[in-house]
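Work through these short exercises with the structure open. Try each task before you read its solution.

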Amino acid sequence: MSNRRLVLPQFPTAPLEYDVRYMAEVVRSFSVFLQQFKNPGDARHTALTLTNLQENDFNLEIGAVFQVDGDLKIVLTYKPHPVGVLGTGSAGSVTVSTP
């Protein structure tokens, strides 16, 4: 259970027959609930342990965390961390001769 101290919306008691105002109140209460649920809220911790962190940002949402070589990283839209980037190259040739 969250300890975010949210004020949960009150859902009205259902009438015996369909009532437009009742349905509007249910929709409003449910909308309030969804807004609160989707908002992550503030957090402050004195200790935090993250286990089994992914080693790249593949399939992670913006703002998610992952680790690269023990460094904690945050997924940003403008800074990709592609998986398996490796490159080699060559230019010309070198001949070594000994006297």
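The model is predicted. Keep that in mind throughout.

**Exercise 1. The overall build**

Task: Find how many helices and strands the chain has, and in which order the elements run. Then decide whether the chain is spread out or compact.

Solution:
- Step 1. Count the elements. The chain holds 1 helix and 2 strands.
- Step 2. Read from the N terminus. The order is α-β-β.
- Step 3. Compare the radius of gyration with the globule rule. The chain has 27 Å, while the rule gives 13 Å for 99 residues. The chain's value is well over that of the rule, so the chain is more spread out than a compact globule.
- Step 4. Look at the span. Along its principal axes, the C-alpha trace covers about 105 × 35 × 20 Å.

**Exercise 2. Surface, contacts and charge**

Task: State what share of the residues is buried. Then describe the exposed area, the contacts and the charges of the chain.

Solution:
- Step 1. Take the buried share. Of the 99 residues, 10% count as buried. Buried here means under 20% relative accessible area.
- Step 2. Take the exposed area. The chain exposes about 9600 Å². Carbon and sulfur atoms supply 56% of this area.
- Step 3. Turn to contacts with a separation of 6 or more. Residues 24 or more positions apart account for 23% of them.
- Step 4. Count charges. There are 8 positive and 9 negative side chains. The centres of the two sets lie 8 Å apart.

**Exercise 3. Aromatic rings on the helix**

Task: Say how many aromatic pairs the whole structure has. Then classify the pair formed by Phe-33 and Phe-37.

Solution:
- Step 1. Search the whole structure. It gives 2 aromatic pairs.
- Step 2. Recall what describes a pair. Two values are needed: the distance of the centres and the angle of the planes.
- Step 3. Apply this to Phe-33 and Phe-37. Their centres are 6.1 Å apart, with 20° between the planes. Planes under 30 degrees apart count as stacked, and this pair is stacked.
- Step 4. Place the pair. Phe-33 and Phe-37 are 4 residues apart in helix 1, so about one helical turn separates them.
- Step 5. Check exposure. Phe-33 is partly exposed because its relative accessibility is 35%. Phe-37 has 61% and counts as exposed.
- Step 6. Widen the view. Phe-30, Phe-33 and Phe-37 form one aromatic cluster.

**Exercise 4. Residues of the loop**

Task: Look at Asn-52, Asn-59 and Glu-55. Where do they lie? Are they buried or exposed?

Solution:
- Step 1. Locate them. Asn-52 lies in the loop between helix 1 and strand 1. Asn-59 is in that loop, and Glu-55 is there too. Helix 1 covers 20-38 and strand 1 covers 65-68.
- Step 2. Read the accessible areas. Asn-52 has 79%, so it is exposed. Asn-59 has 69% and is exposed. Glu-55, with 58%, is exposed.
- Step 3. Check phi. Most residues other than glycine have a negative phi. Asn-52 has a positive phi of about 55°. Asn-59 has a positive phi near 65°.
- Step 4. Find the partners of Glu-55. Beyond its neighbours within four places in sequence, Glu-55 contacts Phe-66, Gln-67 and Val-68.
- Step 5. Link back to the helix residue Phe-30. The C-alpha atoms of Glu-55 and Phe-30 are 38 Å apart, with their positions 25 residues apart along the chain.

Methods
Residues are numbered from 1 along each chain as its sequence is written. This is a predicted model: local features need pLDDT of at least 70, side-chain atom pairs count only at pLDDT 80 or more; totals for chains, interfaces and linings use all residues. Side-chain values use heavy atoms; hydrogens and water are left out. Buried means under 20% relative accessible area, exposed over 50%, partly exposed in between (1.4 Å probe, protein chains only). Contact means heavy atoms within 4.5 Å. The radius of gyration is taken over C-alpha atoms; the globule rule is 2.2 Å times the number of residues to the power 0.38. Accessible areas come from the Shrake-Rupley method with a 1.4 Å probe; for residues, only the protein chains shown count as cover. Lys and Arg count as positive and Asp and Glu as negative; His and the chain ends are not counted. The place of a charge is taken as NZ of Lys, CZ of Arg, CG of Asp or CD of Glu. Rings of Phe, Tyr and Trp (its six-membered ring) pair if their centres lie within 6.5 Å; planes under 30 degrees apart count as stacked, over 60 as edge-to-face and the rest as tilted.
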